Amino acid sequence: MIVINMLSTAGMTKGHGVLSAFEEQTRLVSQGLGPGYTVRINSWEKADILHFHTINPTFLLRSWFTSAVKVGYVHFLPQTLEGSIRLPRFIQKLLCKYVLLFYKSMDKLIVVNPSFIPKLVECGIPEEKIQYIPNFVDDEQFFPLEEQERKSARERLGLYEGGVLTVLCAGQMQKRKGFLDFLETARRCPDMQFVWAGGFSFGKITDGYDEIRRAVETLPANVTLTGIVPRERMNELYNAADVFFLPSFDELFPMTLLEAMCCRKPILVRDLDLYPCILEGYYTAASDVDGFVRELRALTDPAVRQAAATRSAEGHQRYTKQAVLSYWKNCYASLLPQAQPVPQARGDLHL
């Protein structure tokens with residue numbers, strides 16, 4: 001029996017993608033690895049594999065004093081962290097060094113976007129220690145609702161019917177997430193309604209906290225801020241929207257995009273280098289507010305919107321449960337001689 005211990009403190013703070021990724025990956029392997037594996041969470045019992053989902057100092061210490069194989073999830077790089085939280089400069093530098101120290105202490109690193117492999121190599125981590133396995137969202141949790149259910153959801157959320165395009169973003173209220181551009185796009189599209197689901201998950205140390213607080217004081221009339229929404233209610237929110245819009249300046253593999261694709265929603269994102277290798281052909285992109293406005297105007301056409309929704313649904317099929325599970329099985333099996341790899345599931349993952 002191979003014992004895998006999942007270690008995470010992501011649940012201490014709600015409303016962020018690391019927690020969502022932890023919940024999805026842990027559920028996936030707990031249910032799918034089979035009888036030869038036991039999956040524990042935050043256990044102090046002996047394990048064959050310690051899978052670190054967060055980078056707590058206590059976890060680093062534990063990694064130094066264990067004979068287990070150590071797997072680390074790369075949910076962010078130092079430069080991503082700098083755009084998320086605001087700390088004194090010298091503390092920020094120490095934190096960045098700590099992140100790399102943690103990653104270098106692992107036997108295997110898992111990235112959710114292949115574009116980050118060369119960046120880790122530049123930081124001095126051997127490429128053979130790094131493996132790409134994408135994020136995953138269970139389509140039993142996120143799925144299209146029937147039209148009447150969708151209308152009821154819109155009523156509960158206070159959203160208008162009658163041809164008004166509803167644009168949703170879900171994420172922390174950060175400058176890195178493009179929150180200010182989201183507001184400016186809404187100002188230029190007064191005939192549409194915009195919803196931002198999320199809040200300040202990290203409080204006052206959130207990057208851009210003061211500027212965003214001031215911007216919220218003069219919120220455009222067509223913008224609704226829901227605050228942090230429990231994940232079990234997000235399927236309703238995705239279904240209530242017509243378009244999912246993520247104007248982030250920096251990401252790895254947002255769980256929100258996978259969730260929106262599960263719900264067959266058109267995807268509009270900022271034109272970033274990281275998206276083509278994971279979502280090529282399944283989304284629409286623009287580089288600035290002018291472009292966002294132009295693309296949203298185009299999506300008011302039902303035919304254009306339906307075509308975009310079809311592409312999104314095709315993107316969902318690329319990341320099936322079976323395909324992602326097979327890569328986790330082979331990853332864990334490769335780390336232990338007593339484990340046997342499994343046949344790769346059919347799918348479109350190019351790893």
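Buried means under 20% relative accessible area, and I start from that cut-off because the first residue I looked up, leucine 165, has a relative accessibility of 5% and therefore counts as buried. The model is a predicted one, and I keep that in mind for each entry below.

**Entry 1: leucine 165**

I located leucine 165 in the loop between α6 (147-157) and β7 (166-170). Setting aside residues up to four places away in sequence, I listed what leucine 165 touches: Met192, Gln193, Asp242, Val243, Leu296, Leu299, Thr300 and Arg305. I then looked up a pair that is separated along the chain, and found that the C-alpha atoms of leucine 165 and cysteine 189, 24 residues apart in the chain, are separated by 9.8 Å.

**Entry 2: methionine 234**

I turned next to methionine 234, which is found in helix α9 (residues 234-240). Its relative accessibility is 7%, so methionine 234 counts as buried. Among residues beyond four places away in sequence, methionine 234 touches Phe142, Ala170, Ala197 and Val229. I also noted the spacing to glutamate 259: the two residues lie 25 apart in sequence, and their C-alpha atoms are 8.7 Å apart in space.

**Entry 3: helix α7 against α8**

How do the axes of α7 (residues 179-188) and α8 (residues 209-217) cross? I found that these axes come within 10 Å and cross at roughly 20 degrees. Angles under 35 degrees count as roughly parallel, and α7 and α8 are therefore roughly parallel to each other. The crossing in which α7 passes α8 is left-handed. On the α7 side the contact is made by Phe179, Leu180 and Leu183, and on the α8 side by Glu211, Ile212, Ala215 and Val216. Sorting the residues of this contact by class, I have 6 nonpolar, no polar and 1 charged.

**Entry 4: helix α7 against α12**

I then followed α7 to helix α12 (residues 289-298), where the axes are 9 Å apart and the packing angle is about 50 degrees. The angle puts the pair outside the roughly parallel class, and α7 and α12 are therefore oblique to each other. The handedness I recorded for the crossing of α7 and α12 is right-handed. The contact draws on Asp181, Glu184, Thr185 and Arg188 of α7, together with Val289, Asp290, Phe292, Val293, Leu296 and Arg297 of α12. By class, the contact of α7 with α12 holds 4 nonpolar, 1 polar and 5 charged residues. Leu296, listed here on the α12 side, is also one of the residues that leucine 165 touches.

**Entry 5: asparagine 5 and asparagine 42**

Asparagine 5 sits in strand β1 (residues 2-7), and with a relative accessible area of 1% it is buried. Is asparagine 42, in turn, buried or partly exposed? At 38% relative accessibility, asparagine 42 counts as partly exposed, and I placed it in the loop between β2 (37-41) and β3 (49-52). A polar atom of the side chain of asparagine 5 lies 3.3 Å from the backbone nitrogen of asparagine 42. Apart from neighbours within four places in sequence, asparagine 5 is in contact with Arg40, Ile41, Asn42, Ser43, Ala47, Ile49, Leu50, His51 and Arg62.

**Entry 6: two positive phi values**

Most residues other than glycine have a negative phi. I therefore wrote down the exceptions I came across, beginning with asparagine 42, whose phi is positive and near 50 degrees. Arginine 264 also has a positive phi, near 65 degrees, and is a residue other than glycine. I found arginine 264 in the loop between α10 (255-262) and β11 (267-270), and at 31% relative accessibility it counts as partly exposed.

**Entry 7: glutamine 25**

My last look-up was glutamine 25, whose place is in helix α1 (residues 17-32). Its relative accessibility is 4%, so glutamine 25 counts as buried. Which side chain does glutamine 25 join through a polar contact of 3.1 Å? The partner is tyrosine 332, side chain to side chain. Leaving out residues up to four places away in sequence, glutamine 25 touches Met6, His51, His53, Tyr73, Trp328 and Tyr332. I noted that His51, listed here among the contacts of glutamine 25, is also in contact with asparagine 5.

Terms used: Residues are numbered from 1 along each chain as its sequence is written. This is a predicted model: local features need pLDDT of at least 70, side-chain atom pairs count only at pLDDT 80 or more; totals for chains, interfaces and linings use all residues. Side-chain values use heavy atoms; hydrogens and water are left out. Axes are lines fitted to C-alpha atoms, for helices over the stretch in contact, and angles run from 0 to 180 degrees between N-to-C directions. Helices (H or I, at least four residues) and strands (E, at least two) are DSSP runs, numbered from the N terminus. Angles under 35 degrees count as roughly parallel, over 145 as roughly antiparallel, 65 to 115 as roughly perpendicular and the rest as oblique. A crossing is left-handed if the near helix is turned anticlockwise from the far one by less than a right angle, and right-handed if clockwise. Contact means heavy atoms within 4.5 Å. Ala, Val, Leu, Ile, Met, Phe, Trp, Tyr, Cys and Pro count as nonpolar, Asp, Glu, Lys and Arg as charged, and the others, Gly among them, as polar. Buried means under 20% relative accessible area, exposed over 50%, partly exposed in between (1.4 Å probe, protein chains only). A polar contact is a pair of N or O atoms within 3.5 Å; within protein, one must be able to donate a hydrogen and the other to accept it, and residues adjacent in sequence count only if both atoms are side-chain atoms.
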